[in-house]
Amino acid sequence: MCVTPKAWLTLCLCMLVYSSAVADPLGHMMPLGSHQPKEGDVESRDDMPSPSEFYHNYVLASKPVIFRGAAKSSKGFNLWTDAYLRKKYGHEIVRVDYGKKENRARSADDMPLEEFLDIYNSSERYLVDTLPERMWEEFSLPECLLCGGFTHALQDSVLWFSSGGTKSHLHNDKVENINCLFSGEKVWFFVDQIHSQDINMDHKEGDYCSANVDKVDMYQYPFLQHIPWWQAHMHAGDCMYVPYG
């Protein structure tokens with residue numbers, strides 16, 4: 001093929017521009033976890049371990065585990081419809097955040113639960129507060145926590161309530177958690193303690209990383225480019241043990 005000098009020069013310049021382009025890091029400006037496939041799924045089981053087995057196999061081992069269907073033993077699992085909550089607990093005062101995506105820079109509002117029930121399905125409002133004491137009798141812990149001294153170490157019981165689509169910061173909890181899901185689904189991004197020390201929690205006062213979990217800037221947070229991660233997928237009725245750290 002005959003190529004004129006002008007055409008050849010254009011071709012060379014195009015090739016030069018193409019060959020000098022540098023690809024962005026994997027997962028750049030994509031949701032957290034897009035940088036590499038998950039290592040696996042958090043263990044789940046359909047039975048309930050004894051307190052001794054739970055302590056030795058999960059607490060001492062710092063190993064998360066999902067107990068399928070464990071939340072269904074709570075009275076509230078079947079009782080807590082909007083209509084029921086409004087009638088029985090509507091006057092309880094609760095703390096309500098302004099967005100479904102965690103924003104620790106803006107404080108929450110106090111309002112009656114019945115007011116929250118009026119607005120939460122058509123807004124971004126998100127209830128995150130200590131479970132009102134009157135509701136405690138309709139919530140129960142998984143059986144493996146009811147003896148062996150676990151109940152003596154309980155610090156708080158928190159209610160998380162929205163119409164769905166909530167997201168938190170990548171963070172490090174300094175307490176152990178039992179998370180029970182009464183409605184909807186919840187997907188978790190887990191990092192093992194071995195690797196969590198490689199994450200720069202740039203907000204030390206809250207032990208969290210301010211990376212945008214929907215669009216991670218891998219140039220700003222390069223330490224997230226190679227972090228191994230695990231996934232947990234909870235369904236309504238499940239409870240999960242989340243270890244310290």
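**Notebook: strand β13 and its surroundings**

I began at β13, where phenylalanine 67 stands opposite cysteine 239. I note at the outset that this is a predicted model, and I read each entry below with that in mind.

**Entry 1, the partners of β13.** I looked up which strands pair with β13 and found that strand β3, residues 65-67, is joined to it by 3 bridges and runs antiparallel to it. Strand β9, residues 177-180, also pairs with β13 in the antiparallel sense, here over 4 bridges, and within that pairing isoleucine 178 has tyrosine 241 of β13 as its bridge partner.

**Entry 2, the two faces of β13.** Are the faces of β13 covered or open? Both are covered, since I find Cys239 and Tyr241 buried on one side and Met240 and Val242 buried on the other. This arrangement agrees with the general expectation that side chains in a regular strand alternate between the two faces of the sheet.

**Entry 3, aromatic pairs.** I counted the aromatic pairs next, and the structure holds 16 of them. I took up the pair of phenylalanine 54 and tyrosine 241, whose ring centres are 5.1 Å apart and whose planes stand at 80°, so I record the pair as edge-to-face. Because phenylalanine 54 lies in helix α2 (residues 51-59) and tyrosine 241 in strand β13 (residues 239-242), the pair ties together parts of the chain that are 187 residues apart in sequence. Phenylalanine 54 and tyrosine 241 are both buried.

I then turned to tyrosine 55 and phenylalanine 150, which form a tilted aromatic pair with 6.5 Å from centre to centre and 55° between the planes. This pair also links distant parts of the chain, with tyrosine 55 in helix α2 and phenylalanine 150 in the loop between β6 (126-130) and β7 (158-161), 95 residues apart. I checked the accessibility of each partner: tyrosine 55, at 35% relative accessibility, counts as partly exposed, whereas phenylalanine 150 counts as buried because its relative accessibility is 19%, and buried means under 20%.

Which residues make up the aromatic cluster that holds these rings? I list Phe54, Tyr55, Tyr58, Phe67, Phe150 and Tyr241 as one cluster. Phe67 is a member of the cluster and is also the residue that stands opposite cysteine 239 in β13, while Tyr241 is a member and also the bridge partner of isoleucine 178.

**Entry 4, the sheet with β12.** I followed an open sheet of 3 strands, which has the order β1-β12-β10 and mixed pairing. Its edge strands are β1 (40-41) and β10 (185-190), each of which pairs on one side only. I find β1 joined by 2 bridges to strand β12, residues 230-235, and the two run parallel; across them glycine 40 stands opposite tryptophan 230, and aspartate 41 stands opposite glutamine 231. On the other pairing, β10 and β12 are antiparallel over 6 bridges, with histidine 235 in β12 as the bridge partner of glutamate 185.

**Entry 5, the annotated domain.** I looked up the record and found that UniProt, in an unreviewed entry, places the feature "domain: JmjC" at residues 130-245. Over those residues the chain is 3% helix and 25% strand, and I note that the end C-alpha atoms are 21 Å apart.

**Entry 6, positive phi values.** I checked two residues other than glycine with positive phi. Methionine 29 has phi near 60° and sits in the loop between α1 (5-20) and β1; with a relative accessible area of 36%, it is partly exposed. Serine 62 has phi near 50° and sits in the loop between α2 and β3; this serine is partly exposed as well, its relative accessible area being 26%.

**Entry 7, the cavity.** How many cavities of 30 Å³ or more does the structure hold? I find 1, and the largest cavity has a volume of about 60 Å³. Its lining consists of Asp97, Tyr98, Gly99, Lys101, Glu102, Asn103 and Arg106, which I entered by class as 1 nonpolar, 2 polar and 4 charged residues.

Conventions
Residues numbered from 1 in each chain as written. Predicted model: local features only at pLDDT ≥ 70, side-chain atom pairs only at ≥ 80, totals over all residues. Heavy atoms only, no water. 1 Å grid on protein atoms, 1.4 Å probe; cavity = no way out; pocket = protein on both sides within 12 Å on 5 of 7 lines; lining within 4 Å. Points joined across faces, edges and corners; volume = space filled by probe spheres on them. Nonpolar A, V, L, I, M, F, W, Y, C, P; charged D, E, K, R; others polar. Pairing = 2+ DSSP bridges. UniProt positions renumbered as here; feature names shortened; annotations may be inferred. Phe/Tyr/Trp six-rings, centres within 6.5 Å; stacked < 30°, edge-to-face > 60°. Buried < 20%, exposed > 50% of the residue type's maximum accessible area, 1.4 Å probe, protein only.
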